[in-house]
Amino acid sequence: FSVTDSELKFTGFGGNVASSTGGDILFTTGDGTTALNYEIESYASTTGTLVAWVQVPFLSSTSTTNLYMYYGNASAPTPAVSVAQNVWDTNYKGVWHLGNGDSTAANFYKDSTSNSSHGTLTDANGNSATTAKIGTAMDLAGDADFIEMGTFTSIDGVQKVTISGWTKRRSVNAPNFIGKQKDTFG
């Protein structure tokens with residue numbers, strides 16, 4: 001879910017979201033009461049820009065699936081009901097939203113799964129965040145920039161791996177964008 005809407009600004013900036021961190025935002029199924037698992041990747045209280053990953057149990061190919069987003073409840077729990085590990089179950093070995101490093105730890109990129117395979121940005125020149133299809137992304141200039149995931153043991157012993165992501169290569173001859181320093185997985 002990705003949107004910019006003035007209604008989603010914090011109340012202090014003329015919107016209707018009661019928490020400056022977006023802590024009162026939540027998503028439900030079409031019945032309006034069954035809470036959905038979701039992760040807020042980013043929320044900008046001054047602009048009403050929200051990027052959230054919502055786990056939808058079923059999407060029909062033949063009919064509309066309604067979801068509801070609620071906000072504006074000043075008594076909503078803080079932190080929000082949003083728990084990334086509930087969205088990304090144990091089948092996911094690592095999920096990184098690379099546009100937003102943790103501002104409390106320089107160049108730190110959090111794994112949203114319970115595996116905690118957090119990464120650190122290496123050799124990037126300044127701020128490497130850039131506008132992307134969904135929220136922001138990393139602009140790795142190709143001059144030895146990379147994100148080190150440490151030991152990343154959650155895929156050790158795995159024989160088959162599916163890796164997905166949005167990429168835009170600078171040229172056809174650009175270097176590989178992902179790798180693991182072992183001859184084989186396992």
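This tour goes through the model stop by stop, saying what to select and what is found there.

The structure is a predicted model, in which local features need pLDDT of at least 70 and side-chain atom pairs count only at pLDDT 80 or more, while totals for chains, interfaces and linings use all residues. Residues are numbered from 1 along each chain as its sequence is written, and side-chain values use heavy atoms, with hydrogens and water left out.

**Whole chain**

Begin with the whole protein in a cartoon view, where 1 helix and 10 strands can be found; both are DSSP runs numbered from the N terminus, helices being H or I over at least four residues and strands E over at least two. From the N terminus on, the order of elements is β-β-β-β-β-α-β-β-β-β-β. With a surface switched on, the accessible area is about 12000 Å², and 51% of it belongs to carbon and sulfur atoms (Shrake-Rupley method, 1.4 Å probe; for residues, only the protein chains shown count as cover). Of the 186 residues, 25% count as buried, meaning under 20% relative accessible area, with the 1.4 Å probe and protein chains only. Among contacts between residues at least 6 apart in sequence, 55% join residues at least 24 apart, a contact being heavy atoms within 4.5 Å.

**The three-stranded sheet**

Next select residues 2-4 and 38-44, which are β1 and β3, together with 49-54, which is β4. These form an open sheet in the order β1-β4-β3 with antiparallel pairing, where two strands pair if DSSP finds at least two bridges between them. Because β1 and β3 stand at the edges with a single partner strand each, one side of each is left without a neighbour in the sheet. The twist averages 15° from one strand to the next, with axes taken as lines fitted to C-alpha atoms and angles running from 0 to 180 degrees between N-to-C directions. Zooming in on β1 and β4, one finds 3 bridges in the antiparallel sense, and Ser-2 stands opposite Val-51 in β4.

**Two polar contacts**

Stay with β3 and select Glu-41, which lies in this strand and is buried at a relative accessible area of 16%. The side chain of Glu-41 is joined to that of Trp-53 by a polar contact of 2.7 Å, that is, a pair of N or O atoms within 3.5 Å, of which, within protein, one must be able to donate a hydrogen and the other to accept it, residues adjacent in sequence counting only if both atoms are side-chain atoms. Then select Ser-112, in the loop between β6 (108-109) and β7 (119-122), which counts as buried at 5% relative accessibility and whose side chain makes a polar contact of 2.6 Å with the side chain of Glu-39.

**Nonpolar cores**

Now show side chains for Leu-8, Val-17, Ile-25, Phe-27, Leu-36, Tyr-38, Tyr-43, Leu-50 and Ala-52, the 9 residues of the largest nonpolar core; such a core is a set of buried Ala, Val, Leu, Ile, Met, Phe, Trp, Tyr and Cys residues joined through side-chain atoms within 4.5 Å. The elements giving two or more residues to this core are β3 and β4. A second, separate core has 7 residues, including Tyr-109, Met-149, Phe-152 and Ile-155. Returning to Leu-8, and leaving aside neighbours within four places in sequence, its contacts include Val-3, Gly-48, Met-69 and Tyr-71.

**Gly-15**

Finally select Gly-15 in the loop between β1 and β2 (26-29), which counts as buried at 8% relative accessibility. Not counting residues up to four places away in sequence, Gly-15 touches Ser-6, Glu-7, Lys-9 and Phe-10. A distance drawn from its C-alpha atom to that of Gly-72, 57 residues apart along the chain, reads 9.0 Å.

Note on methods:
Buried means under 20% relative accessible area, exposed over 50%, partly exposed in between (1.4 Å probe, protein chains only).
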